[in-house]
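Here are a few short exercises to work through with the model open in your viewer. Try each task before you read its solution.

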Amino acid sequence: CASEALPFAMSGGLGDVAGSLPKALAAAGADCRVVLPLYGDIKPELREKMTYVTNFTVPVGWRNQYCGIYTATLGGVTYYLLDNEYYFKRKGLYGFYDDGERFAYFSRAILDMLLYVDFVPDVIHTNDWQTALVCVYLNLYYRQTEKFSHIKTAFTIHNIQYQGKYGMDLLGDVLSIGPENAHLVEYDGCVNYMKGAIECADKVTTVSPTYAYEIMDPWYAHGLDTLLREKSYKTCGILNGIDTEIYDPATDTTLAENYDRNTFEAGKPACKAALRQMFKLEENDQPLIGMVTRLVSHKGLDLVRHVAEYIVLSGIQLVLVGSGDYMYESFFNELAAKYPGRVGVFIGFNPVMAHKVYAGADIFLMPSKSEPCGLAQMVALRYGTIPIVRETGGLKDSIQDSGDGLGNGFTFKSYNAHDMLDACLRAKAGYDFPQGWRTLVRRAMDCDFSWNTSAQAYLGLYDEMLALW
């Protein structure tokens, strides 16, 4: 259950996970089905592949709301799309005044839908606050029905910052939860959807093992650390994967020249030359650092801003693609204007340009303050671009420092600009030793972060849950 999933709807990493993991689970032999809202933004060519099933009504507080079921099968996965134009025929996915009501309705509709389709799941896997109430409603209102009695629930936290927090007045009017059960969703004096799932789910997962540990700490937990420490017995982390078909330098049609681990010595220089030409950078023997990121503080941009000139003046070129906070957009635009030929900046997100950065850069910088999983560092490895990361969340789980001759990147621990600068200078020193750098690039491209590995871990988790019967 997810509020977004490729190819139907996506605004961030959740859509990527909910689009890729089910395909890997299906390929591994599971009967995996996905439920998401039928948004108004879904492309017409995808709508043409949908089949109408039936409709029913969903209780939302004191009233009932229409719900239509549409289904489609793509990539071996069955999708159910739940239709309600009042809630979902809008421009965009989130950010509306009634998001709390929209996704409470969606969570209840997911369970009611199972009464109208010929499918009984062993496990319902919910994701983030938008589907968190599925775990609560299942325990409160559906367990007594035979069809629902043995269903287990897993809840995955993709980003703990967004919890679905609303006023207590929603309890009866929207959530249909009486005072006697208010404790399931009440936290710090408000309704907290994520708290309800952590309380009621059989298993709580995060998108990397390190993040599962970090969110027990107040620094990362956004107020939920006490609850998560209480529920640590049912919490674990499974590292996300990437779609190795979409991200494949051997077949990527956006690149100036395709390559693999055996041909990157010809292919990457061609891609680097094309990237430099695109951003009007000087042709020289300097390494090129790439960044594809949202320009927000938790991505570590304060560190970059503090030492960016040192990086450039040390003999490193920089290319950045991203958008976000105005102060960061202004800073990088000014940096590019001050150092033409050394710094290239594109404000906005362009998937084609992002692919060109992954392939054309020598080094990929991700100095995040927090990073639940991160996919860009895995994509960079796939393209033979060596990551520099701070040791947090999924960055720590996927990148090991190459100082011992065995790692696949460069890391730094503390959230400190000069520690990051030191990692950049170590990477430059490595680049200046061509034979060792070629070995490092080949080792990076040998890393396997496909969804196949993650899918097996999830199947193991599901089997563990079902063994609790």
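**Exercise 1.** What covers the buried residues of α5? Work it out in this predicted model.

*Solution.* Start with the helix itself: α5 runs over residues 133–142. Next, pick out its buried positions, using under 20% relative accessible area as the cut-off. That gives you Leu 133, Val 134, Cys 135, Val 136, Tyr 137 and Leu 138, plus Tyr 142. Now look for what sits in contact with them: the cover includes two helices, α4 (99–113) and α7 (193–200), along with the strands β5 (123–127) and β6 (152–157). Finally, do the tally: seven of the 10 residues of α5 are buried, so the rest of the structure largely encloses this helix.

**Exercise 2.** Describe the overall build of the protein chain.

*Solution.* First count the elements: you should get 19 helices and 17 strands. Then take the radius of gyration, which is 23 Å; the globule rule gives 23 Å for 469 residues, so the chain is as compact as a globular protein of that length. Along the principal axes, the C-alpha atoms fill a box of roughly 70 × 45 × 40 Å. For the contacts, keep pairs with a separation of 6 or more; 71% of those join residues 24 or more positions apart.

**Exercise 3.** Sum up burial, surface and charge for the chain.

*Solution.* Burial comes to 59% of the 469 residues. The exposed area is about 18,900 Å², with carbon and sulfur atoms supplying 52% of it. As for charge, count 41 positive and 55 negative side chains, then compare the centres of the two sets: they lie 2 Å apart.

Notes:
Residues numbered from 1 in each chain as written. Predicted model: local features only at pLDDT ≥ 70, side-chain atom pairs only at ≥ 80, totals over all residues. Heavy atoms only, no water. Rg over C-alpha atoms; globule rule 2.2 N^0.38 Å. Buried < 20%, exposed > 50% of the residue type's maximum accessible area, 1.4 Å probe, protein only. Contact = heavy atoms within 4.5 Å. Areas by Shrake-Rupley, 256 points an atom, 1.4 Å probe, with all protein chains shown as cover. Lys, Arg positive; Asp, Glu negative; His and termini not counted. Charge placed at Lys NZ, Arg CZ, Asp CG, Glu CD. Helix = DSSP H or I, 4+ residues; strand = E, 2+ residues; numbered from the N terminus.
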